[in-house]
Every structure is written in structure tokens, then in C-alpha cells.
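Subject: Structure for you to look at

Hi,

Here's the structure I said I'd pass on. Have a look at it first, then read my notes below.

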Amino acid sequence: MSEPLPERLPDALQAALADGSWKRVHPLTPLIRSWQAVAIVGFFIVRDLGESWLRNDGGRGDGSGVPLPGRDVSLRVWLAGGGILVVVLVAVIALMVLSWRMTRYRVTADALELRRGVVFRQHRLAQLDRLQAVDVVQPLLARIFGLAKLTVEVAGAGHSAIELSYLSEARARAVRNHLLASAAGLDYAAAGVAEAPEAPEHHWLEVPPARLIGSIALSSATVVLVISAIVLITVSLATGEMAPFAALVPAALGLGGGLWSRFSRGFGFRAAISPDGLRLRHGLLEARTQTVPPGRVQAVRLRQSLLWRRAAWWQVEVNIAGYGGSGDAAQGKTETLLLPVGTRQEAIGVLAFVLPDLGAEPDEQPYQLLDAALVGSGPAHGFVTSPRAARRFDWISWRRNGFRATRTALLIRRGVLNRTLVVVPHARTQSLGVTQGPLQRRWGLASFALHSTPGPITPVVEHLAEGVAAQLLSDQAARARQARAIAGPERWMRRP
């Protein structure tokens, strides 16, 4: 079922949304952005004062009623500490308020612009015909106040995203609708519509919490944590020393924090299909709604670990221009997940949505191509694999490692214990390369690399025969040129 559309926006918001005038973000933005700094400063100040108070027995010195010299925590000390806290709070809030006043944005039919900065001014512009994805993010505190952060990813090098934080939830959704409609090439104003309508969506799939927990429990991080705990506890009991057991605490905190982050970010994962593209919703504490427009995926990877083999689970990741430059590695990891864990049918469905045509031959069934790509081995169904000389480098997987070039994409499969399939559309090829190390040269081997946008996927075909790698380089360059020449318009709802 589709989720109900939001109520119509107030007339004032409709008229002022995309009129090209400069607007400020929500007045509560300084509070949302500064609460962590305020909480940290307050924690250290209160902790230091509390420790001083306890060391001096509540300000009574040695208990005789006569304060000890140099250790008197009097009202003057508490007032001084409170004064420092107030000064720090006022300074932080003042800087945030000044930053808020200097932050403005405007929305036009073709671009989103942002101006910000107090000492160093910055003016950023995102052309909507290069839009890659739009995210509406609601951290816990922002959700309490009904606010949201809008993140617009555009094709570009480095950190190319534009963030509007924070807007009211209604305004954030309205701006998102306008950006997606304009990027698609829809002129809703010419039709007499005051605001861009939210595209209808069809609920497609969701990840149950039990499956998410099971996938985390069967991850390599959990296995390492459990084995380490068993070994260290056993050593501690055998020797009677607590040092091995104490060494488990930081490891448990580190790995446990990572596992909790995976659960929190993947909780409630849902995917829906709309004319705007693929919509993803997930997050326990921080709710995130991602919209990936059609044709913006640069590369896709389906992956299955050995521990997931019995449950037949797969994970689907993508490279999208802009996401790869995220400064937060964990956040970037979540942004590039189209499916954190799903059945084989669900993983194939996600792949079919972002790449509807795998380019199978007319007399070939698509499921045969997918079987050969996901679990197959050897040269069946047109796959070119590594020669026997590659056994010196890949003892187990040399017969599975290989590639197949179809009309629309290059398929790269790898791994026997941990299976992976990488699919790169020809039209999204950035550059190509062939590398050959000294040992590879000794045995007549070479590796082919297809360069994509920054992200979790690095398409590489390892240890091919020299002649095969050279021919693949030439053929793939020709396929990429031809695919780009016939690629559809960047504004996907506008016909050429």
C-alpha cells in the first residue's frame, strides 16, 4: 500500500517556495546544532566541580568543620564554575545564532543555492539537471521539534552535497518535491499548480527486524567478538587473572558500537517505487528518507557472505555520485545500501529496478544469466574466467572469477566463500585501465579495472590472460562511447 500523502501546504508557503527569493532556515536550527557542544561542556564542568566537592567532603575539609587550606570548595568556586558554564553557553549560542542569520537559501526552477559562513563566506549552487539523490533526515532532537534536514546530492568531485538544516518537516518535503519535479523536467507551474505534487508511491519491500538482527548476528564482526570473548574469558578463568577479561571491555565497546550502529541505521528499512525513483526509509533514532532518481546509479553490487549462505540472504550496494565523498564513513555506508539484507528474489528485484535490462541475448532467459552471475562457475553463459595460471593467486575462486559484457552492462563476478556480483552500466563508465604486477607478468596475467564514482564498489576483474585484458579494454571503451551517445535525457520525464 502507498503511504498517505501529506496535507496541502499553507498558501503562504506555496507562494514563497520557489519564487527565487532568499530565505532563512528554521529559527530553532541553532538549538538543534549546538546541543551536543553544550552538553559536552556542561558534562566536564559539572564532573570537575563534583570531584572537587567529594574530595573536600562536601566543602567541610577533613570532617572537623575546619576547611583544609587550598581545598575549600566554597560558594565562590561554584559561582565561578557556573559563570564559566554560562559564558561558554552564551558564546556557543551566539555563534550559532550568528551563523543562522548568515545562512540563506533560495530555490529556482533550475537550481538550489546556499549561502553561509561568518568569517569565510560560501556560496554553493546545485544544478538540478545534475541531481543524484535527495534525502530528508530527521535526527532524534529534530524529530521532537518537527524539523528535518534536506541533503541534496549532485554529480561532482569531493563533497558535492548541499545541506539545508534545519527546515520544518512540511517545508523540507515541499522543497524535495520541487527539486525532484524540476530535475525530472516537469513544469508544474505552467499547469497552474501552486506546488509540486508529491509523486505517488507503491510500497515494495521491507526488512523485518528479526532478519536484520539475524544478519548482524551472522556478520564477521559478531563472530570475531564472540570468539574473542570466549578466548579471553577462558584465559582469565584458567590463570585467575582479570587482565585478559579486562582487555575484552574496549573490544566489546568498539565492536558493539559498530553493531548497534548497523541495527539503528537499518531499522525499519522500507523501499517504495515512485515516478521520482526509488524511495528508501530507515533509521531508529535518526529517520532518513532517501530518493534515488532513475538512471543515477553508477554501479551495483550484490554480495553474499558464507554465513548468509544457508539463509539465502543477499545485500545490495550502489555507487552514486556524491555519496562516496561523505565524511562520515558509517553514514556513507548506509546511504549506499539499497538493501541491507534480503532474499535472493528481493535482491534481484532491486537490481532489476535500477537496471531494468541486463542485456541478455534474445534466446537466453534472464534467470539463466542471473544464476550464472550469482552462483555459477566456469565459462557457462558467456562468462570469461581466469586461466589456469591464476591458480597461483586465487587458489579457490579462479574458476568463478570472471566477467561478461552484455548489450547494456559489464557483469563482474568474484568469490566462492563470499560471493559478489558487480554490474556497471556501459553508459556510466568513467574510465578504464589494465594493470600488471611483476608476478602477473611472469605468468602472463593482467587485471582489468573499470573506474566508477567514489563509493563502496571498485569494479576489478583480477588475473585475466594478457590478451583477454587488452581486448576487454578496447571493447569496453567502444561500448561506453556508444552507450553514452544513445543515453536518455538527464531529466528523465522530459522526452528528447
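Let's begin with a pair of facing residues: Arg115 stands opposite His123 in strand β4. That strand covers residues 122–127 and is joined by six bridges to β3, the two running antiparallel. Strands and helices here are DSSP runs numbered from the N terminus, with at least two residues (E) for a strand and at least four (H or I) for a helix. Two strands pair if DSSP finds at least two bridges between them.

Before going on, some small print. This is a predicted model, where local features need pLDDT of at least 70 and side-chain atom pairs count only at pLDDT 80 or more, while totals for chains, interfaces and linings use all residues. Residues are numbered from 1 along each chain as its sequence is written, and side-chain values use heavy atoms, leaving out hydrogens and water.

Back to β3. The hairpin of β3 and β4 has five residues between the strands, and Gly117 there takes a positive phi near 115°. On its other pairing, β3 (residues 111–116) meets β2 (residues 104–107) in the antiparallel sense over four bridges. Val107 has Leu112 in β3 as its bridge partner, and a hairpin of three residues joins β2 to β3.

Next, the open sheet. Which order do its seven strands take? They go β7-β6-β5-β11-β10-β9-β8, with antiparallel pairing. β7 (162–168) and β8 (202–206) stand at the edges with a single partner strand each, so one side of each has no neighbour in the sheet. On average, neighbouring strands are turned by 20° against each other, direction ignored; angles are taken between axes, which are lines fitted to C-alpha atoms (for helices over the stretch in contact), and run from 0 to 180 degrees between N-to-C directions.

At one edge, β8 is joined to β9 (residues 270–274) by four bridges, and the two run antiparallel. Glu206 stands opposite Arg270 in β9. Helix α5 (residues 169–184) packs on the sheet, touching β5 (131–138), β6 (147–154), β7 and β11 (287–292), and its direction makes about 20° with that of β6. Contact means heavy atoms within 4.5 Å.

At the other edge, five bridges join β6 to β7, again antiparallel, and Ala148 has Leu167 in β7 as its bridge partner. Is β7 enclosed or open? Five of its seven residues are buried, so β7 is largely enclosed by the rest of the structure. Buried means under 20% relative accessible area, exposed over 50% and partly exposed in between (1.4 Å probe, protein chains only).

Now a helix pair. The axes of α7 (residues 220–239) and α8 (residues 243–266) come within 9 Å and cross at roughly 165°. The two are therefore roughly antiparallel (angles over 145 degrees count as that, under 35 as roughly parallel, 65 to 115 as roughly perpendicular and the rest as oblique). Residues making the contact include Leu225 and Leu232 of α7 and Phe245 and Leu248 of α8.

Last, two buried spots. In α11 (residues 366–374), the buried residues include Leu369, Leu370 and Ala372; among the elements covering them are α10 (344–354) and β12 (297–304). His463 lies in strand β21 (residues 460–465) and counts as buried because its relative accessibility is 10%. Among the residues that His463 touches are Ser386, Phe393 and Asp394.

Cheers

Notes: Lists of a residue's contacts leave out its neighbours within four places in sequence.
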